[in-house]
Amino acid sequence: MSLQPPSLAVRSKGGAAHSTKAVILVGGPSRGTRFRPLSMELPKPLFPVAGHPIIEHCFRAITKIPEIKEVFIIGYYEESVFQPFINSISNVFPQLSVKYLREYQALGTAGGLYHFRDVILKGKPERFFVLNADVCCSFPLTEMLKLYDDKDAEAVMLGTRVANEAATNFGCIVSDAHTKRVLHYVEKPESQISNLINCGVYLFSTDTIFPAIRSAIKRRTERPRLLSYPSSENLESSFFQGDEDDEDKENAVIRLEQDVLSDVADSRQFFVLETKDFWRQIKTAGSAVPANALYLTKAFQSGSDELAAPSANIIPPVYIHPSAQVDPTAKLGPNVSIGPRVHVGAGVRIKESIVLEDSEIKHDACVLYTIVGWKSKIGAWARVEGTPTPIASHSTSIVKNGVKVQTVTILGKECSVGDEVRVQNCVCLPYKDLKRDVANEVIM
């Protein structure tokens with residue numbers, strides 16, 4: 001397949017073939033354990049942040065590229081888990097065809113793409129976006145497209161700068177500051193090579209990425225089997241079974257970050273768009289709170305009419321679902337999301353928190369740096385709080401008295417906190433009654 005010139009690609013609207021598609025990677029139920037106890041009720045991509053499922057923020061960015069008509073969600077959840085969301089998003093954005101592609105097992109970020117390559121390549125798209133669903137950012141896809149066209153690129157990734165000491169927790173990019181070309185890429189390097197990190201948002205040429213994944217699979221095949229070691233059974237599952245032309249047996253956990261991107265960087269047509277805007281991973285349950293703050297701030301800056309109007313008791317940005325009941329004497333904000341059918345009583349104070357649907361917060365309670373689970377109840381004069389962390393920090397844990405604890409307090413589904421009870425820096429599993437003060441604990 002020959003590459004269509006970028007200028008023609010942008011003009012080819014209305015025809016059968018659309019030059020750009022999008023793929024959102026959502027993982028599956030055996031992952032996401034760090035998002036517990038919230039992921040016990042709902043897959044992480046469907047968890048509401050700033051009033052919308054995390055994955056919906058990806059869709060809102062995709063719709064700003066008019067030539068994208070087809071979006072694929074790839075993961076290994078049951079199809080039924082995502083069907084209600086797909087029905088809803090298809091009504092909101094009728095111009096998009098949205099399909100869920102289910103992996104038969106965890107194949108890895110690149111393995112899933114390769115497994116469904118025939119579906120993605122249908123209609124001969126020239127390029128496609130890949131977005132990780134557990135990323136919170138402004139998704140500057142238009143700028144990525146422009147860089148791709150300007151440089152006649154084969155791949156573009158989104159990058160951002162983090163503090164030097166945090167960089168080795170991410171994929172690190174060494175790039176040419178002038179040309180923006182990626183010179184070297186290492187996933188979680190042992191020593192610091194750069195503070196420019198991979199944001200998990202990509203734009204790939206179809207002619208480049210699939211052969212690159214195929215080469216990674218071939219390398220797996222050619223590795224020694226290590227059959228004499230007890231751990232060889234575990235290693236076996238990571239190998240591609242059969243020879244390179246055996247199309248029906250691709251069976252490799254092949255990851256873009258660890259197995260493919262460093263080779264694509266060697267092709268010299270790989271570029272990085274460095275975003276100066278916000279970016280954050282949503283890995284742990286607690287990280288939903290800073291992500292909520294970032295998305296709410298973005299909505300406020302863009303003048304979104306979804307947010308509550310600022311007033312003496314509303315410190316923006318605050319999202320209140322239309323079905324929620326908030327007493328006018330309650331003080332909310334900044335960075336608060338109130339879900340459907342929530343009841344907030346008189347004199348309540350809520351700040352930097354997410355309150356999920358059907359919860360109740362009784363009069364004069366205080367909720368700070370907290371996620372209040374579905375149908376939970378917080379008693380009168382209770383205080384439920386986490387610990388403030390700098391907005392630039394990518395960690396949601398701190399060490400207190402020699403113990404690592406979450407900075408955000410999380411109440412699972414249907415928890416209750418008694419009147420005048422104080423809960424600080426705790427993770428509480430579903431269906432627990434807290435009748436006494438508790439701090440720095442996981443409540444099982």
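A residue counts as buried when its relative accessible area is under 20%, and the close-up views below, all taken from a predicted model, use the word in that sense.

**View 1. A salt bridge between helix 6 and strand 6.** Arg 127, at 0% relative accessibility, falls under that cut-off and is therefore buried. Its side chain meets that of Asp 149 in a salt bridge with an N to O distance of 2.7 Å. The pair links distant parts of the chain, since Asp 149 belongs to helix 6 (residues 141-151) and Arg 127 to strand 6, 22 residues apart. Asp 149, in contrast to its buried partner, has a relative accessibility of 24% and so counts as partly exposed. Both residues take part in a network of salt bridges that also includes Glu 67 and Glu 126.

**View 2. The surroundings of Leu 131 in strand 6.** Leu 131 is found in strand 6, which covers residues 127-132, and with a relative accessible area of 0% Leu 131 is buried. Leaving aside residues up to four places away in sequence, Leu 131 touches Val 23, Ile 24, Leu 25, Cys 58, Ile 62, Phe 139, Gly 200 and Val 201. The C-alpha atom of Leu 131 is separated by 9.6 Å from that of Ile 55, although their positions lie 76 residues apart along the chain in the sense of sequence separation.

**View 3. Strand 8 and its two pairing partners.** Six of the seven residues of strand 8 (residues 155-161) are buried, so this strand is largely enclosed by the rest of the structure. Strand 8 pairs with strand 11 (residues 196-205) in the antiparallel sense over six bridges, and within this pairing Val 156 has Leu 203 as its bridge partner. With strand 12 (residues 270-274), strand 8 pairs in the parallel sense over five bridges, and here Gly 159 stands opposite Glu 274.

**View 4. The crossing of helix 4 and helix 7.** The axes of helix 4 (residues 108-115) and helix 7 (residues 206-222) come within 10 Å and cross at roughly 115°, and the crossing is left-handed. From helix 4, the residues Ala 110, Leu 113 and Tyr 114 meet Phe 210, Ile 213, Arg 214 and Ile 217 of helix 7. The residues of this contact divide into six nonpolar, no polar and one charged.

**View 5. An open sheet of parallel strands.** Six strands form an open sheet in the order 15-18-21-24-29-32, with parallel pairing. Strand 15 (325-326) and strand 32 (433-434) are the edge strands, each of which pairs on one side only. Strand 29 (residues 416-417) pairs with strand 32 in the parallel sense over two bridges, and Ser 416 stands opposite Asp 433 of strand 32.

**View 6. Two further salt bridges between strands.** The count of salt bridges in the model comes to 20. In one of them, the side chains of Lys 99 and Glu 70 meet at 3.3 Å, N to O; Lys 99 lies in strand 5 (residues 97-102) and Glu 70 in strand 4 (residues 70-75), so the pair ties together parts that are 29 residues apart in sequence. Lys 99 is partly exposed, with a relative accessible area of 36%. Glu 385 forms a salt bridge with Arg 422, the closest N and O atoms being 2.9 Å apart. Because Glu 385 lies in strand 25 (residues 383-385) and Arg 422 in strand 30 (residues 422-424), this pair ties together parts that are 37 residues apart in sequence. Glu 385 counts as buried at 8% relative accessibility, whereas Arg 422 counts as partly exposed at 36%.

Terms used: Residues are numbered from 1 along each chain as its sequence is written. This is a predicted model: local features need pLDDT of at least 70, side-chain atom pairs count only at pLDDT 80 or more; totals for chains, interfaces and linings use all residues. Side-chain values use heavy atoms; hydrogens and water are left out. Two strands pair if DSSP finds at least two bridges between them. Helices (H or I, at least four residues) and strands (E, at least two) are DSSP runs, numbered from the N terminus. Buried means under 20% relative accessible area, exposed over 50%, partly exposed in between (1.4 Å probe, protein chains only). Contact means heavy atoms within 4.5 Å. Axes are lines fitted to C-alpha atoms, for helices over the stretch in contact, and angles run from 0 to 180 degrees between N-to-C directions. A crossing is left-handed if the near helix is turned anticlockwise from the far one by less than a right angle, and right-handed if clockwise. Ala, Val, Leu, Ile, Met, Phe, Trp, Tyr, Cys and Pro count as nonpolar, Asp, Glu, Lys and Arg as charged, and the others, Gly among them, as polar. A salt bridge is a side-chain nitrogen of Lys or Arg within 4 Å of a carboxyl oxygen of Asp or Glu.
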